[in-house]
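Please look over the model below; the report that follows takes up a surface patch and then a sheet with its helices.

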Amino acid sequence: MESYDALLASITPTTGETRTILDPATGTAVGEAPVHTVEDLERAIAAAQAAQPAWAALGHDARSAALLKAADAVERSAEELAHLLSREQGKPLNGPNARFEVGACAAWLRATAGTPLEPETVVDDGETRAELHYRPIGVVGAIGPWNWPMMITIWQIAPALRMGNAVVVKPSEYTPLSVLALAAVINEELPEGLLTVVSGGRDVGARLAEHRAIGKVMFTGSTATGKAIIRSSADTVKRLTLELGGNDAGIVLPDADPKAIAEGLFWGAFINTGQTCAALKRLYVHDSLYEAVCSELTAVAAAMPMGVGLDEANVLGPLQNRAQYDIVARLVDAARGSGARILLGGNPDDGRPGYFYPTTLVADIDNDNPLVAEEQFGPAMPIIRYSTVDEAIAKANALDVGLGASVWSSDLDAARGVAARLEAGTVWINKHGAVDPRIPFGGAKQSGYGLEFGTEGLKALGVPQIING
C-alpha cells in the first residue's frame, strides 16, 4: 500500500533517538517511533502558546469548520489509519475494532463541531442581568491510553480545539504511531503549532502534568497514574478531567431472556478483546437463569474468531502488551486454583506468536476472587450467582470504582429502578459500554471525575466567566 507507506514515512523520524514498535499479534516491526524528551515538550508547549491566541480569536464557527475539515481528512486516510492501528494495537480491522475506531474519530470531530454552546442568561429580572460564558483555557495537555489510542485522543483534542485551546498530546508508549499518524492527518487542516504530539516516556508525562503553562490536563488510564497526576497538578491548580480504571458490573434480572441478551453481553465484555475501561467485567446472574445465561453466552463466545488483526475474518485480537497478558493469565489461574469452573478458554497456546489469550468465561466463582475484585482488562469474564436483587446491587457497589454498569431485563421499569441504585457514572440497560458524542460520560468514586462529550464536555474545556451588568 503506497499510501500506507507514505503515512508511515510521514511520522518516521529522520533524526534523533527512535524506538521500534512491534506488532503484538506477530512480533514483527511496525515502525520507528520518536523518543521525545522534556526539551521537545518545552518546544511544543511554547509553539502551542504562540498559536493559541489567534485560534481562540477565530470564534466557534470558524473553529467548528476546521474540525469538519479535519473529519474529512480522517475519512480520506481512514483505511491507512485503520491498518496502522491494527498492526500497532493488535485489534482486528473488522468488528467494533480498527475501522470502527477510525470512523468514530471522524464522527466525534463532526459531533463536537456541531454541538451548540450559547451564552446562558442566569438572571434577567429588570434590575440585574448576568450571563454565563465559557472562555478558552489556553494550552491543554492530553495524556492517552493504548487501548483506543486514536478514538480517545479525539475525545480529548476535539472539544479542546473547539473551545479555542491549543493541545499538546502525550500518547502511550505502547501505541505512539497511531496517535502521531492521526495528528499528522488532522494537522493538514489546522494552524501550525496548535496540535503537537510528544512521544516520550514517563518523564514527559510527569512534566506535562506539572507544567505551569498547561491550564488543564485530560487523562485516560489507570487510577494509580490518575492519582499521580492529581498530585503533580496541585501546585498550579490545574483543571482536570480524569477517566480512570473501572471494574464494571452487569446484573441480569430474573425476567431476562438469556438467548436474547447473550450477544449483547458478549460484546459488552469482549469489545476490543476486553481492553476497554467501560467494558463489562463482572456479571451477576440470578440463580433461576444462571445456567441458561452461561450456556448461551458460551455459545456466542465460542463462535467469535480470534487472530491477527489484518485477517479480515477475525473480530478479536491479542492483548496489546506482555504486561497485560500476564495480568489476565494470573487472574484466570487464581480463579482456576480456587475451584471456579472454566466454561471456555483459560488455556493459552504458549507456542503461538503474539499475546493471544483465548476468550475465557469463568463460572461458580466467589465475589472476592481476584478475577472479580481486580480489573482484568482482557478477554476473561467471571459470572457470579446471586439470589436476591439487593444482594446483586450490594456486590456490584462494593468496589471503590464506578465507571459504568448495566442492568439486563425484559422489564424496563424494573431495570431503571435497579439502575438508580448502582454507584456508577453511566448505567446502561440491555447493553453495556455504548458511548455517544451527545451524551455526557464520566466516572464515579475512584473511576475519576469530570465529564466528556456533549455540551457538558465542551464546558469542561473552558473557563466559566460571568458577565454581570
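Val 122, Val 123 and Ile 466 make a nonpolar surface patch of about 230 Å², where a patch joins nonpolar side chains (Val, Leu, Ile, Met, Phe, Trp, Tyr) within 5 Å, from residues with over 30% relative accessible area and no salt bridge. Val 122 is found in strand β3 (residues 120-124), and it counts as partly exposed because its relative accessibility is 46%, the class between buried (under 20%) and exposed (over 50%), with a 1.4 Å probe and protein chains only.

This is a predicted model, in which local features need pLDDT of at least 70 and side-chain atom pairs count only at pLDDT 80 or more, while totals for chains, interfaces and linings use all residues. Residues are numbered from 1 along each chain as its sequence is written, and side-chain values use heavy atoms, leaving out hydrogens and water.

An open sheet of 7 strands, with mixed pairing, follows the order β12-β13-β14-β11-β10-β16-β17; strands are DSSP runs of E with at least two residues, helices runs of H or I with at least four, and two strands pair if DSSP finds at least two bridges between them. Its edge strands, each pairing on one side only, are β12 (341-344) and β17 (426-429). Within the sheet, β10 (residues 248-252) and β16 (residues 404-408) run parallel and are joined by 4 bridges, and Val 252 stands opposite Trp 408 in β16.

Two helices lie on these strands, contact meaning heavy atoms within 4.5 Å; angles run from 0 to 180 degrees between N-to-C directions of axes fitted to C-alpha atoms, for helices over the stretch in contact.

| Helix | Strands | Angle |
|---|---|---|
| α14 (residues 389-396) | β10, β11, β14 | about 145° to β14 |
| α15 (residues 412-419) | β10, β16, β17 | about 160° with β17 |

Conventions: Patch = residues over 30% accessible without salt bridge, like charges linked within 9 Å, V, L, I, M, F, W, Y side chains within 5 Å. Areas by Shrake-Rupley, 256 points an atom, 1.4 Å probe, with all protein chains shown as cover. Salt bridge = Lys/Arg side-chain N within 4 Å of Asp/Glu carboxyl O.
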